[in-house]
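Here are a few exercises to work through with the model open. Try each task yourself before reading the solution.

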Amino acid sequence: MSFLQVLWFILIGVLFAGFFFLDGFDFGVGMATRSLAHNEEERTQIIETIGPVWDGNEVWLITAGGAMFASFPYWYATLFSGYYLILLMILFGLIIRGVSFEFRVASAPEKQPLWSWALALGSLIVPFFLGVMFVSMIQGMPIDAKGNMSAGFFDYFNLMSIVGGVAVVLLSYLHGLNYIALKTLGDIRERARNYAEFLYWILYVGLVVFAILLFFKTDFFQVRPIGTLVTVVLIVLFSVLGHVATFKGNEMVAFISSGLTFVSLVAMIFVGMFPRVMISSISDKFDLLINSASSTSYTLTVMTIATVCLLPFVLAYTIWAYWIFRKRIALPAVQTSEVVK
Amino acid sequence: MDIVTLARFQFAMTTVFHFFFVPFSIGTAFVVAILETLYVRTKNDAYKKLAKFWGNIFLLSFAVGVVTGLIQEFQFGMNWSDYSRFMGDIFGAPLALEALLSFFIESTFIGLWVFTWDRVKKGMHLFFIWMTCIGTLTSALWILTANSFMQHPVGYAIRNGRAEMVDFFALLQNPQLWFEYGHVIFAALTMGGVILAGLTAFQMLKKDTSAEAKGLYKKSMRLGLVMATLFSALTILVGDLQMKYLIEEQPMKFAATEAVYKTTGDQAPWTLVGIADTKKHEVKYNIDIPVMLSVLSYGKTTGAVTGMDELNQQMKEKYGTTINGVEMDYIPPVNTLFWSFRVMAGFGAWIILVSIIGLWLTRKKKETLYQKRWMLWVLALTTFTPFLANTAGWFITEFGRYPWTVYGLFTIQQSISPNVSATSLLVSNIVYFTVFTVLAIVMIGLVKRQLKNDPTQVQEHDYAQKILDPFDKGAF
């Protein structure tokens, strides 16, 4: 394994972590349009908290996919062809979510609920199937000597992968609630906090189940005992921190904590996988390794130079955009007295 | 059904649908950027209203373009995994750069642009739309870099059973790329102009229009016609150069677009229309124009064009009669190419003709276009032609590469995902087909709804109020 190969393995982890941190709350807000908001005014209010930024957030996923193709083509080929129908569902979710924003605004008022449903449904489908995909992946999948994966229904959908899918949905939802609490004024802000306070208790149950399954269903604790333990502890720690901050009303801390819970989750997956990128359940000889799945060092060098030159600008204008949209959003009809409070 | 056919059908369907909206959004982004520039320069409120109005149409096309683009990135791995393994070292880098350099720019700045009207300085707001526009224009460059390699591989070596990149800049200096990029971008900008003029014509055909609205329509119409004339001329110019390049680099594709089976004599006749009999290797019901093919190909009255039969023989000697145990025939689908070329070139000529007539009829001295309802109808219906011309153009490029995915290196048969079943492919084909049908219907409905309002009453997004800064309060 060369330095560049390891660097790109980490960078892909970073891109996925960035995606879950950023688009994670978009999914949460999307789901909240049909579960937290009580009327179309409130829906407009919370959709506007993500309106200007969700598209840029989704690009983290596109970049992660493109970077995986570029730096680990064998990983990309095995993963994407092996998870064909799962990815079809993810694409379906991304499509209906992606068009819902513009279509809702441009539609006649009586058709707008249709598009907020599309937004909510798409925002539910995507994190669920991403969770199923990654959590089944870490258990090992039937991959043959040529790197082709031919899996059956229960390879994709088993107890652990479904727990994983639900956990990612729940975490997205909590992250979205924390974001709403941070970015709004009025009734919905309180409601988001109340929902979050309660839902964290369910998340704890999920995390305990997940940790137990992680021990029995994956080899993470045998292969990387320390790294796995540390990242699992971090997941729990950030969850608790987010919960406490929610109780105290420290909305920024709560939001960043739920984001870091996601980051820790991605870190756990990448630490446990290392130095593999895909685990074969047929034989460990068929595992795809960082060393053998990657592009040439020439391509990796080109990519590294490009990334080093471009990423600072991307981060700079992304942060700048968030800064421009830093203000809280209230209902159009909100009373001035409430604003002052 | 076999998986290769299903995967090819799906690729064709998803790329064609995606490419309805890509040039649509590239073209309209440019229109909006020009309109807003005019607003900032002239301080005339009319241009602001127009920028907002066409901005709404741009946003709709952009949304559909983005979501259908997601499919493209995923399906190389999903449907063409062996292709991805073979080509990843080369193909992935432009794709990742496209995301890093273009997608981040366009998606971030489009958000800034939509939500900051009247909230930031005018110059800053103008900067946002130009950044979005630059993002859309550069994204095409990267994906075409990848496509150009597939048409004409450069800067690579075959090692370890795959194509490995040895010179990144050779990829960018690929002559194929610059012909393709020029042709695609000018065609997209033409589409922007045609859509602007055509949809305005639809609006002008309505009976009750206020004087103010009429003034705005005239501005849109003029801009649309100028863009359509200028950029369609450039599209045709680059297209001509591209065809001449094709004769050298992909003679088989060229011979197929002109349905030339037997190598011609020194004064090659041009078949205007005809139907190729692909079994007997001859063209029937043809109308030929003497010497014209030599003129089109070489710009002079002499010059033979090598026919497909001879090229097929040459390629069999070069690449073998079988690849991976599959019998090879290197002749692409002739009728598809032949007729696609005629559809593309025909509509291209139509667009430039209509635009010039339109410009003539809107000249300052005698502005008679707006009284001629038949001409407004012609312009309105012309709105649909760039969609067909673009699709036909891609048919030539992609079908013309048959039987290769990467020209001379890797075949379609070799590229497929061996582990994806026909059932899965059938399911995904049905899902995409259904989703696209719904998207198309909704899209047409929403554009029609937009056009019902005229630009004077452009819908202001009723955004919620923004107050307080989360950094101000006791958030920490």
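Which residue in β4(B) does B:Asp277 stand opposite? Keep in mind that this is a predicted model.

**Exercise 1.** Find the partner of B:Asp277, then describe the hairpin around it.

*Solution.*
- Start with the pair itself: B:Asp277 faces B:Glu282 in β4(B).
- Next, look at the strands: β3 (residues 270-277) and β4 (residues 282-289) of chain B run antiparallel and are joined by six bridges.
- Finally, check the turn: four residues lie between the strands, and B:His281 has a positive phi near 55 degrees.

**Exercise 2.** Work out how α3(A) and α14(A) are oriented to each other.

*Solution.*
- Take the axes of α3 (residues 54-71) and α14 (residues 297-324) in chain A: they come within 13 Å and cross at roughly 175 degrees.
- Angles over 145 degrees count as roughly antiparallel, so the two helices α3(A) and α14(A) are roughly antiparallel.
- Now pick out the contacts: A:Gly56, A:Ala70 and A:Ser71 of α3(A) meet A:Thr299, A:Leu300, A:Met303, A:Thr318 and A:Ala321 of α14(A).
- Sort those by class and you get four nonpolar, four polar and no charged residues.

**Exercise 3.** Take two of the stretches of chain A that UniProt lists as "transmembrane region", and check their secondary structure.

*Solution.*
- The unreviewed UniProt entry lists several stretches, including residues 156-177 and 222-241.
- For residues 156-177 of chain A, you'll find 91% helix and 0% strand, with the end C-alpha atoms 29 Å apart.
- For residues 222-241 of chain A, it's 95% helix and 0% strand, and the end C-alpha atoms are 28 Å apart.

Terms used:
Residues numbered from 1 in each chain as written. Chains lettered and ligands numbered in written order. Predicted model: local features only at pLDDT ≥ 70, side-chain atom pairs only at ≥ 80, totals over all residues. Axes fitted to C-alpha atoms, helices over the stretch in contact; angles between N-to-C directions. Parallel < 35°, antiparallel > 145°, perpendicular 65-115°, else oblique. Contact = placed C-beta atoms within 7 Å. Nonpolar A, V, L, I, M, F, W, Y, C, P; charged D, E, K, R; others polar. Pairing = 2+ DSSP bridges. UniProt positions renumbered as here; feature names shortened; annotations may be inferred.
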